[in-house]
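Me: Could you take a close look at one helix in this model for me, and then show me how the rest of the fold is arranged around it? Keep it informal, I'm at the bench.

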Amino acid sequence: MPRRVTPALLASAVLMAGLVGCSADARKTEGQQSPVEPPLAATPTPQVPAGKAPERAFAVGVRQLKLDRDGRALPTTLWYPAAGQSGGAAKRSATAAEGRFPVVMFSHGLGGRPDDYATLLTRWAAAGFVVAAPTFPHTSRGADNNVLDVLNQPADVSYALDQVLALDGRAGDALRGRLDGERVAAAGHSAGGVTTIGLFTASRDERLDAGVVFAGTALGVGTAFAGAAAPQLFVHGELDEVVEYAAGRAAYDKVPWPKAMLSLPKGDHGRALLSDGATLRVVSDTSVEFLRWSLYGDADAKKRIPTDATRGDIATFDDHL
């Protein structure tokens with residue numbers, strides 16, 4: 001798969017200037033959409049075989065990887081199921097729990113960092129997933145916020161996934177034998193949502209079995225969803241002041257695979273993802289069950305998704321899974 005942005009994508013990137021704010025304080029912008037592209041033929045059968053997700057909650061460990069792709073520094077935070085009593089904060093370099101766990105690659109928003117999403121990502125890890133979140137060199141907090149570099153980020157995520165999966169066979173590593181490289185998803189918020197969509201379109205990584213897109217748009221990466229069927233969960237606030245809800249919905253409508261959209265009538269650009277509250281609980285519970293189904297192949301988890309999604313009348317749920 002491509003490791004650098006193509007000239008065609010770079011040309012379309014000028015439209016990305018409207019994508020700002022992300023996990024930092026959002027500013028109102030006017031959204032635009034890239035031309036509609038016809039979806040490529042997709043294999044109709046999901047890749048993950050039927051299975052059963054863990055029923056217990058895990059303690060959570062956290063560690064850092066120092067990664068670099070051709071001079072692009074990509075420090076990556078890993079949250080993972082750990083041995084010991086569940087609950088509480090993630091413990092640095094804790095002993096990994098027994099078992100083999102699916103991997104979720106998470107991409108932060110413009111002006112953000114992985115730690116901003118720690119509450120959500122820790123819950124994913126506690127449910128039995130290894131979550132790897134790169135800090136991108138030009139769109140993270142403290143960087144130059146070059147929005148055009150978002151189009152290089154799908155290749156960054158694929159490189160980081162290479163390195164994370166390599167830990168499974170590395171002698172002496174705490175995650176040796178713990179990573180299930182046949183069960184992998186990508187997720188991201190705002191600019192990270194663009195990155196995630198790109199991993200299923202222009203920069204398709206065939207290792208990915210599912211995607212979760214928070215407040216994302218296909219601007220710059222297109223809607224030519226390609227490869228084997230990979231279920232998608234979109235989450236978007238209807239009052240999003242940065243990436244218009246209609247833009248996220250338009251990308252969702254083009255997904256040719258099993259899909260669902262969690263819409264938050266009172267939701268903005270995603271501030272609820274950054275702090276604990278009723279909205280985050282609905283989002284985290286819905287996304288956990290989605291990942292349990294799409295990565296573990298757990299049919300019972302799929303049945304629970306609509307109940308979690310509509311609990312408390314916080315969100316509406318369009319279900320085509």
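Reply: Let's start with helix 6, where 15 of the 19 residues are buried, so this helix is largely enclosed by the rest of the structure. Keep in mind that this is a predicted model. Helix 6 runs over residues 278-296. From its first C-alpha to its last, helix 6 reaches 26 Å, close to the 27 Å expected at 1.5 Å a residue. Right after helix 6 comes glycine 297, with a positive phi of about 70°.

Look inside helix 6 and you'll find phenylalanine 290 and tryptophan 293, three residues apart, about one turn of the helix. Their rings form an edge-to-face aromatic pair, 6.1 Å centre to centre with 65° between the planes. The pair counts as edge-to-face because the angle between the planes is over 60 degrees. Phenylalanine 290 is buried at a relative accessible area of 0%. Tryptophan 293 has 13%, and it still counts as buried because the cut-off is under 20%. In the whole structure, a search finds nine aromatic pairs.

Now for what helix 6 belongs to. The largest nonpolar core has 92 residues, and those with the most contacts inside it are Val103, Val104, Phe106, Leu121, Trp124, Phe214 and Leu291. Helix 6 gives this core its largest share, nine residues. As a general point, nonpolar side chains in soluble globular proteins tend to be buried together.

Phe214 is a good place to see how that core is put together. Leaving aside neighbours within four places in sequence, phenylalanine 214 is in contact with Phe106, Leu120, Trp124, Gly188, His189, Ser190, Gly193, Val235, Leu273 and Val283. Ring pairs also link Phe214 with Phe106, Tyr117 and Trp124 into a cluster.

Two other helices are worth a stop. Helix 3 (residues 153-166) reaches 20 Å from first C-alpha to last, close to the 20 Å expected for its 14 residues at 1.5 Å a residue. Helix 3 is mostly covered, with 11 of its 14 residues buried. Among those buried residues are Gln153, Pro154 and Val157. The same three turn up in the contacts of threonine 195, along with Ser107 and Val150, once neighbours within four places in sequence are left aside. Threonine 195 lies in helix 4 (residues 191-198) and counts as buried, at 0% relative accessibility.

Helix 4 also helps cover helix 5: the cover over the buried residues of helix 5 includes helix 4, strand 12 (232-237), strand 13 (259-264) and strand 14 (316-320). The buried residues in helix 5 (residues 245-253) are Tyr245, Ala247, Gly248, Ala251 and Tyr252. They cover an arc of only 165° around the axis, so they sit on the same side of helix 5.

The loops give you a few spots to check by eye. Glycine 99 is in the loop between strand 6 (91-92) and strand 7 (101-107), and at 31% relative accessibility it counts as partly exposed. Its contacts, leaving aside neighbours within four places in sequence, are Gly177 and Arg178. Glycine 99 and proline 54 are 45 residues apart in sequence and 9.7 Å apart in space, C-alpha to C-alpha.

Then there are two residues with an unexpected backbone angle. Most residues other than glycine have a negative phi. Asparagine 145 has a phi near 50°, a positive value in a residue other than glycine. Asparagine 145 lies in the loop between strand 8 (130-134) and helix 3 and is partly exposed, with a relative accessible area of 38%. Aspartate 313 has a positive phi of about 55° although it is not a glycine. Its place is in the loop between helix 7 (299-309) and strand 14, and with a relative accessible area of 76% aspartate 313 is exposed.

Stepping back to the whole chain, there are seven helices and 14 strands. Of the 321 residues, 59% count as buried. Among contacts between residues at least 6 apart in sequence, 73% join residues at least 24 apart. The accessible surface comes to about 12400 Å², of which 52% belongs to carbon and sulfur atoms.

Conventions. Residues numbered from 1 in each chain as written. Predicted model: local features only at pLDDT ≥ 70, side-chain atom pairs only at ≥ 80, totals over all residues. Heavy atoms only, no water. Helix = DSSP H or I, 4+ residues; strand = E, 2+ residues; numbered from the N terminus. Buried < 20%, exposed > 50% of the residue type's maximum accessible area, 1.4 Å probe, protein only. Contact = heavy atoms within 4.5 Å. Areas by Shrake-Rupley, 256 points an atom, 1.4 Å probe, with all protein chains shown as cover. Expected span 1.5 Å × (residues − 1). Core = buried A, V, L, I, M, F, W, Y, C linked by side-chain atoms within 4.5 Å. Arc of directions from axis to C-beta. Phe/Tyr/Trp six-rings, centres within 6.5 Å; stacked < 30°, edge-to-face > 60°.
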